Amino acid sequence: MKVVVYEKVFLGVGILCLVACLAALFYASAVMGIHLPGREGELDPEEIASTPPFDDPGLRRVAPKEYEAVVVGKVWQFDPREIRVPVGSKVTFIATSPDVIHGFHVQGTRINMMLIPGQISKTSYRFQIPGEHLILCHEYCGFGHHLMYGNLIVEEE
Ligand code: CUA
């Protein structure tokens, strides 16, 4: 008889965990607005140098405290290598790769994208604390993978 009671308890705990996880997932996506980096479109990886906005990588101010960072990750560097924004800025990263698959991770943040030839990756983040972040390629991309990094500096006003 006791076995049946335990089974019911474990079943209940299992269902409770599932409901709690689904609720957390819903809260994160619907209330906190956390999403996977989006696939924003496609382009010909061989035409990157002449396809806007990737023909002119860099940081652009689109509104007060809002920036757009166009990044090209290629063997084995990020263009631009350094990004500087004032504290409190929201930065939308728009990135791609002309050659092989690279990673794009800004340390100390949840920014973590894949840069895939032929695809445009996009994600946004608001930098609330001044400081320096390392930008890392976290996808093995060949001989110079370990040299592929950049800096993101959040400046005090
Ligand atoms: Cu690019 Cu590893």
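A residue counts as buried when its relative accessible area is under 20%. Phe-104 has a relative accessible area of 1%, so Phe-104 is buried. The model is predicted. This briefing covers an open sheet of five strands, the strand that carries Phe-104, and the aromatic cluster that includes Phe-104.

**The sheet**
- Five strands form the open sheet, in the order S5-S11-S10-S7-S8. Their pairing is mixed.
- Strand S5 (82–86) and strand S8 (112–115) are the edge strands. Each pairs on one side only.
- On average, neighbouring strands of this sheet are turned by 20° against each other, direction ignored.
- S5 pairs with strand S11 (residues 149–155) in the parallel sense, over five bridges.
- Arg-84 has Ile-153 as its bridge partner in S11.

**Strand S7 and its neighbours**
- Strand S7 spans residues 102–106 and is mostly covered. Five of its five residues are buried.
- His-102, Phe-104 and Val-106 point one way from S7. Gly-103 and His-105 point the other way.
- S7 and S8 run antiparallel, joined by four bridges. His-102 has Leu-115 as its bridge partner in S8.
- The hairpin of S7 and S8 has five residues between the strands. In this hairpin, Gly-108 takes a positive phi near 85°.
- S7 and strand S10 (residues 131–136) also run antiparallel, with two bridges between them. The partner of Val-106 in S10 is Ile-135.

**Aromatic contacts**
- The structure holds five aromatic pairs.
- Phe-78 and Phe-104 form an edge-to-face pair, because their planes stand at 85° and their ring centres are 5.6 Å apart.
- This pair links distant parts of the chain. Phe-78 sits in strand S4 (residues 77–79) and Phe-104 in strand S7, 26 residues apart.
- Phe-78 has 2% relative accessibility, so Phe-78 counts as buried too.
- Phe-93 and Phe-104 have ring centres 5.4 Å apart and planes at 55°, so this pair is tilted.
- The tilted pair also links distant parts of the chain, with Phe-93 in strand S6 (residues 90–96) and Phe-104 in strand S7, eleven residues apart.
- Phe-93 and Phe-104 are both buried.
- One aromatic cluster is formed by Phe-78, Phe-93, Phe-104, Tyr-125 and Phe-127.

**A charge over a ring**
- Arg-81 lies over the face of Tyr-149. The distance to the ring centre is 5.0 Å.

Notes:
Residues numbered from 1 in each chain as written. Predicted model: local features only at pLDDT ≥ 70, side-chain atom pairs only at ≥ 80, totals over all residues. Heavy atoms only, no water. Pairing = 2+ DSSP bridges. Axes fitted to C-alpha atoms, helices over the stretch in contact; angles between N-to-C directions. Buried < 20%, exposed > 50% of the residue type's maximum accessible area, 1.4 Å probe, protein only. Phe/Tyr/Trp six-rings, centres within 6.5 Å; stacked < 30°, edge-to-face > 60°. Lys NZ or Arg CZ within 6 Å of the ring centre and 35° of its normal.
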